[in-house]
Amino acid sequence: MRILLATDAWYPQINGVVRTLNRVREELEPQGDVFEVLAPHHFRTFPCPTYPEIRLAVLPQIGLKKRIDAFRPDAIHIATEGPIGVALRGFCVKHKLPFTTSYHTRFPEYLSARIPVSADVGYRFMRWFHRPSSGIMVATQSMREELQSRGFERLVDWTRGVDTALFRPEAPHALDLPRPVYMYVGRVAVEKNIKAFLDLDLDGSKVVVGDGPQRAELEAAFPDVHFVGAKQGEDLAAHYASGDVFVFPSRTDTFGLVMLEALASGMPVAAYPVPGPLDVVDGAGVGILSEDLGSATREAIKIDREHCREHALKFSWANCARMFRDNLQPLD
């Protein structure tokens, strides 16, 4: 199958959306599928307001038909709701081409965290964007139920996976810090609610792995916290293996791939009882969910690391890729 994948999030960005899309591509290409990734590097770009590390495409609709005709896709998937996604959505609607979409991020909540606008405004846009989709792929049951309650239709399941060969408890340790080591991995941005973690009164060390627009502000406010920047590959695995508890303070993620990476590395999770943690952690005995994040963090350290690893082994990228492919809507 020739699959046109449109995404406003792509390398050099490092986040769960990029890792998920690329890993699906890596799983399916050896099986004979061919991907054309329509991403910001194909266009002139400008920095996203409030998040300059992210580049947004300028007028991506120009030349879009030529690109599509040259590739001759068998299926079209629009992964994000940015300029590229909007442009391809408009093209497909105009030419009556079926396409699928995916709901990766809580865009309305992210928007409200950055500018004074109600989340309801964002959800009106999201319903408009996804309405023509033949199938909206969602990662968790709780996210599916929430979107259904907000008027979204044609929702289909698309779980996530984790590289259990890369992320493992026996990886060499990257950090030599006073124990216990409490760790956050991900974007350093206001919508991730990292300050809730950094405000906790905990013995030992706090580590933030990642980069983003809020890093300078948080580094200045919390000089005792170890900010180590973004990591990839074996370097990232070594940092995960160095931690004792993974603290996930976000209330706005639709899944939280980093939780699976932490669990595969033997780290129990402390988080709020919200979608994402509820789907990955709740009832599995691999983390503590509580509105008292400090209490959850102190309790999580008692959890057996091997049990965390065993839970992560249930999530495979092969299954994630198969579900993605099965959800696609072939063109006539």
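This report walks through one open sheet and the helices beside it.

The model is predicted. Its sheet has six strands, ordered β11-β10-β9-β12-β13-β14, and the pairing is parallel. At the edges stand β11 (226-229) and β14 (287-289), each with a single partner strand, so one side of each lacks a neighbour in the sheet. From one strand to the next, the twist averages 25°.

**Strand pairs**

Start with β12 (245-248). The table gives its two pairings, plus that of β13 with β14.

| Strand pair | Bridges | Residues standing opposite |
|---|---|---|
| β9 and β12 | two, parallel | Met-183 and Phe-246 |
| β12 and β13 | three, parallel | Phe-246 and Val-269 |
| β13 and β14 | three, parallel | Ala-270 and Ile-288 |

Phe-246 turns up in two rows. It stands opposite Met-183 and also opposite Val-269 in β13.

Are the faces of β12 covered or open? Both are covered. Val-245 and Val-247 lie on one side, Phe-246 and Phe-248 on the other, and all are buried.

**Helices across the sheet**

Helix α10 (residues 257-264) lies across β9, β12 and β13. It runs at about 175° to β12. Together, β12, α10 and β13 make a right-handed β-α-β unit.

Helix α9 (residues 233-241) lies across β9 (181-185), β10 (205-209), β11 and β12. Its angle to β9 is about 140°. Which residues of α9 are buried? They are Leu-236, Ala-237, Ala-238, His-239, Tyr-240 and Ala-241. The cover over them includes strands β9, β10, β11 and β12. Helices α10 and α13 (305-312) are also part of that cover.

**Ile-288 at the edge**

Now move to the other end of the strand order. Ile-288 lies in strand β14, one of the edge strands. Is Ile-288 buried or partly exposed? Its relative accessible area is 27%, so it counts as partly exposed; the cut-off for buried is under 20%.

Ile-288 still has many contacts to list. Leaving out residues up to four places away in sequence, it touches Val-269, Ala-270 and Ala-271. Val-281, Ala-296, Glu-299, Ala-300 and Ile-303 complete the list. Among these contacts, Ala-270 is the residue that stands opposite Ile-288. Val-269, Ala-270 and Ala-271 fall within β13 (residues 269-271).

One distance rounds off the picture. Asn-319 is 31 residues from Ile-288 along the chain, and their C-alpha atoms are separated by 27 Å.

How values were computed: Residues are numbered from 1 along each chain as its sequence is written. This is a predicted model: local features need pLDDT of at least 70, side-chain atom pairs count only at pLDDT 80 or more; totals for chains, interfaces and linings use all residues. Side-chain values use heavy atoms; hydrogens and water are left out. Two strands pair if DSSP finds at least two bridges between them. Helices (H or I, at least four residues) and strands (E, at least two) are DSSP runs, numbered from the N terminus. Axes are lines fitted to C-alpha atoms, for helices over the stretch in contact, and angles run from 0 to 180 degrees between N-to-C directions. Contact means heavy atoms within 4.5 Å. Buried means under 20% relative accessible area, exposed over 50%, partly exposed in between (1.4 Å probe, protein chains only). A crossover is right-handed if, with the strands pointing away from the viewer, the path from the first strand over the helix to the second runs clockwise.
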